[in-house]
Each structure stands twice: as C-alpha cells, then as structure tokens.
Amino acid sequence: MQIGTFIRVFIASPGDVHQERDEACRVIQGWNAAHSLSRSVLMEPVRVETHSHAVQGGHPQDLINSQLLDRCDLLVAILWSRMGTPTNTDLSGTVQEIREFSETEGAERVLIFFCDRDFPSSSDLDQVKAVRSFKDSIKTDGLYTPYTEVSQFGSLFRHQLDLTMNKMLEGEEFAVVSAQAAGKSEIVFHA
C-alpha cells in the first residue's frame with residue numbers, strides 16, 4: 001500500500017515569463033520522478049491557463065483565487081518586465097496572489113524569483129518601473145532569488161523547491177494518513 005501526500009504548487013506570474021512557467025512545471029515533474037515514491041509525496045503544478053474555468057460573478061482575479069489559490073500549498077512567483085493587470089486591491093494579479101497566499105498560508109511558502117536579463121525593446125516602461133518598485137518594496141520583508149536565464153531559473157527553483165519541501169514535510173500538516181480497505185492496496189493522498 002502506498003500512502004502519500006498531495007501538494008499543489010501555484011505558479012504566479014504575468015505573461016512575459018511563459019518559458020519559466022513551463023520550466024517550473026518540468027522541475028516539479030522532475031522532483032516527482034526523483035522523490036514521489038520514496039517520500040510518498042506527489043506535487044501538482046497549478047496554472048491559471050490549465051486549471052481555471054470560465055465563470056462569471058466577480059472580479060477575474062478574485063474568481064481565480066477562489067478556484068485555485070485557496071486550494072494550493074505553495075506559491076512560486078516569477079517576475080521580469082511586466083507586473084501585469086491591476087486588480088481592485090493590488091498593483092497586479094500576481095501581487096494580489098502573493099499577498100493573499102502569504103496572509104493565508106504563510107510567507108515561508110512563497111518563493112519569489114526575479115529575472116535580471118535585459119528587457120525586450122518593446123517593454124512598457126511603466127510595467128518595468130512597477131516591477132522594480134515591487135522588487136524594492138519586498139527587500140525588507142524577505143528574500144527573493146534573482147536569475148538571468150531560463151535554465152538558471154530551473155536550477156535555482158529546483159534547489160529552493162528541495163529546501164522548501166524538506167521544511168514543509170517536517171511539520172505535522174502534511175503527515176501521511178494511513179488507510180487500508182479490505183486488504184486491497186490503495187493510494188491515499190492527504191492535502
């Protein structure tokens with residue numbers, strides 16, 4: 001019988017870092033391949049474009065957060081040249097995701113990465129300034145990880161993911177729950 005823990009990782013970012021978003025999914029899949037059986041943990045990358053569904057009845061960011069963010073255990077935020085679209089409460093959807101997740105799950109479960117490569121010539125200068133301003137504003141509240149290339153992001157994210165998972169799995173919140181049904185083997189995920 002394999003009993004395990006299921007951890008959902010929300011990938012927060014504006015649209016200018018799509019390669020990094022794909023790389024984050026590859027890193028999570030690699031982590032699963034190396035550790036899921038031996039540690040009885042399975043991680044799922046959660047992305048707006050793959051996990052949300054079209055509904056009405058509220059501000060788009062609030063709908064995304066209620067569908068996805070509220071059900072995740074870890075958040076990775078990736079920023080480069082765009083801050084994204086402002087919301088009713090924050091500078092952008094990504095900032096709102098970071099803030100709300102930090103408030104509900106704890107800042108120690110938020111990994112923030114900033115790309116330091118040159119900005120595209122077509123960059124909106126107001127967006128670039130907003131990213132720089134946000135980066136400066138969080139310097140006093142915690143740590144973030146800078147990177148320049150997508151492959152470097154992948155390596156750095158994998159390292160941070162390993163450290164974070166070690167810390168998360170030490171606690172009781174993700175303790176493995178035992179279950180057995182009439183002598184049958186089954187996998188039980190606790191989240």
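Is Y147 buried or exposed? Select this residue to begin the tour, keeping in mind that the model is predicted; Y147 has a relative accessibility of 1%, and because buried means under 20%, Y147 counts as buried.

Before following Y147 to its partner, it helps to know how such contacts are described. A pair of aromatic rings is described by the distance of the centres and the angle of the planes. In this model the count comes to six aromatic pairs.

Select F114 and F134 next, whose ring centres lie 6.3 Å apart with the planes at 50 degrees, so that this pair is tilted. The pair joins distant parts of the chain, since F114 belongs to strand β4 (residues 110-115) while F134 belongs to helix α5 (residues 125-138), and the two are 20 residues apart. F114, at 1% relative accessibility, counts as buried, and F134, at 10%, counts as buried as well.

Now return to Y147 and add F153 to the selection: the centres of their rings are 5.2 Å apart and the planes stand at 55 degrees, so this pair, too, is tilted. F153 has a relative accessibility of 0% and therefore counts as buried.

Extend the selection to F113 and F157, and a cluster comes into view, in which ring pairs link F113, Y147, F153 and F157.

For the last stop, select W80 together with R117, where a charge rather than a second ring is the partner: the charged end of R117 sits over the ring of W80, at 4.2 Å from the centre of that ring.

Terms used: Residues are numbered from 1 along each chain as its sequence is written. This is a predicted model: local features need pLDDT of at least 70, side-chain atom pairs count only at pLDDT 80 or more; totals for chains, interfaces and linings use all residues. Side-chain values use heavy atoms; hydrogens and water are left out. Rings of Phe, Tyr and Trp (its six-membered ring) pair if their centres lie within 6.5 Å; planes under 30 degrees apart count as stacked, over 60 as edge-to-face and the rest as tilted. Helices (H or I, at least four residues) and strands (E, at least two) are DSSP runs, numbered from the N terminus. Buried means under 20% relative accessible area, exposed over 50%, partly exposed in between (1.4 Å probe, protein chains only). A charge sits over a ring if NZ of Lys or CZ of Arg is within 6 Å of the ring centre and within 35 degrees of the ring normal.
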